[in-house]
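Trainee: Could you take a close look at a single part of this model for me? After that, please carry on to whatever else deserves attention.

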Amino acid sequence: MVDTRENNFMESSLPDATDWSTINWYNVIKYIDKLQKRIYRAESNRNYRKVRDLQRMLIRSKAALLLAIKRVTQINKGKRTPGIDGFRALNDEKRGELFDTLNKKDFKLHKPKSAYRKYIWKKNGKLRSLGIPTVVDRIYQEIIRMALEPQAEVNFEPTSYGFRPARGCHDAADRIMKNIMSGNWCWVFEGDFKSCFDTLDHEFILKQIKKFPLYNLVERFLKAGYVENNIFHSTDDGTPQGGIISPLLANIAFNGMEDVLNISYQKRRYKTGRVTHITEGNYRMIRYADDFVILAKSKEDIEKVYDILNHYLQERGLELAEDKTRITHISEGFDFLGFVRQEGSPFFNQ
């Protein structure tokens, strides 16, 4: 019998099974949120030992397992979609039993199953491949995301908006507008990574998280492969779209474009006490996952971007999509995430 009453996560338990209906979700969420904020502060202060200690505390907590099961089996859109084992947990009894089973296992020893490969249609008429992990693998990935995301957020670029908490495509479009309204940043490099989720370099990703307590499990997820038409395929690179940790790992890999573009920030403090950060450099960058825009004041500077990005791309196993990458002047208009700046218009239309 599992009893989590010492942490006030449950008000009572049923014999031999967790009573899912009596879990105090307010306390569960509050506990995880508090730990994530502490991880964020520790990383901000460069106290890396404390970061790892707090991550281990979160990973081992019953609250993390409870919340991960809830999100995967009740909240996420794919809750009814099974992996290759066909298992789903669509009622409270199965969720309680699942918690009891996983709570007895050693997280670090988990061996992920291969993802189930399926395809969906994109708006442009092409097919996008999805890798669907099993429910149990998704639960473990969600716990990894809970522990790793607050650490990664500290180091992400302020001009990155895709798959991040409290950020979205409208924020990215607003950032572009603030730059181009002056009329100075008039040359545009429209960029897109080609099939990036299929080509990301595993070694580069793992190098960025080498101190993370579940480093080895992340590596096993990356190497787990996928099954298509009952045939197993190994994965030597890439991270499957459909995996819960894939967007976070992709953002970790994409991070660093500002550095190669030599973009920096100068803190400015006013007499009123207000503090702002002034962007410096010859470029301005806005990225939403694998779509990005680079702005420059001159055609000469914007044409250098191809060479500037060359090492950045090779190191991460990335290529630019030729059909989606181009240089334009803002007077010609451009499209970013469905927001279209039409020729001669100062604003984006959707």
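Mentor: The answer below starts with one helix, then turns to a sheet and some single residues.

First, the ground rules. This is a predicted model, with local features needing pLDDT of at least 70, side-chain atom pairs counted only at pLDDT 80 or more, and totals for chains, interfaces and linings using all residues. Residues are numbered from 1 along each chain as its sequence is written, and side-chain values use heavy atoms, with hydrogens and water left out.

Take helix 2, residues 48-60. Helices here are DSSP runs of H or I with at least four residues, strands are runs of E with at least two, and both are numbered from the N terminus. At 1.5 Å a residue, the 13 residues of helix 2 should span 18 Å, and its end C-alpha atoms are 18 Å apart, so the two values agree. The expected span is 1.5 Å times one less than the number of residues.

Which residues of helix 2 are buried? They are V51, L54, Q55, L58 and I59. Buried means under 20% relative accessible area, exposed means over 50%, and partly exposed lies in between (1.4 Å probe, protein chains only). Down the axis of helix 2, the buried residues fall within an arc of 135°, so they line one face. That arc is taken over the directions from the helix axis to the C-beta atoms. An α-helix has 3.6 residues a turn, so residues three or four places apart point the same way. The cover over the buried residues of helix 2 includes helix 1 (25-44), helix 3 (62-75) and helix 5 (135-155). Contact here means heavy atoms within 4.5 Å. On the face turned away from the buried side, helix 2 carries the exposed residues R49 and R60.

Now the sheet. Four strands form an open sheet in the order 8-9-3-10, with antiparallel pairing. Strand 8 (283-288) and strand 10 (326-329) are the edges, each pairing on one side only. Two strands pair if DSSP finds at least two bridges between them. Inside the sheet, strand 3 (residues 187-192) and strand 9 (residues 291-296) are joined by six bridges in the antiparallel sense. E190 stands opposite V293 in strand 9. Helix 6 (residues 169-180) lies across strand 8 and strand 9, at about 165° to strand 8. Such angles run from 0 to 180 degrees between N-to-C directions of axes fitted to C-alpha atoms, for helices over the stretch in contact.

Next, T235. T235 sits in the loop between strand 5 (231-233) and helix 10 (246-254). T235 has a relative accessible area of 16%, so it counts as buried. A polar atom of its side chain lies 2.9 Å from the backbone oxygen of L222. The T235 side chain also has a polar atom 3.1 Å from the backbone nitrogen of G225.

Last, two loop residues with unusual backbones. Most residues other than glycine have a negative phi. F163, in the loop between helix 5 and helix 6, has a positive phi near 55°. F163 is partly exposed, at 43% relative accessibility. N262 has a positive phi near 60°. N262 lies between helix 11 (257-260) and strand 6 (264-269), and is exposed at 59%.

Conventions
A polar contact is a pair of N or O atoms within 3.5 Å; within protein, one must be able to donate a hydrogen and the other to accept it, and residues adjacent in sequence count only if both atoms are side-chain atoms.
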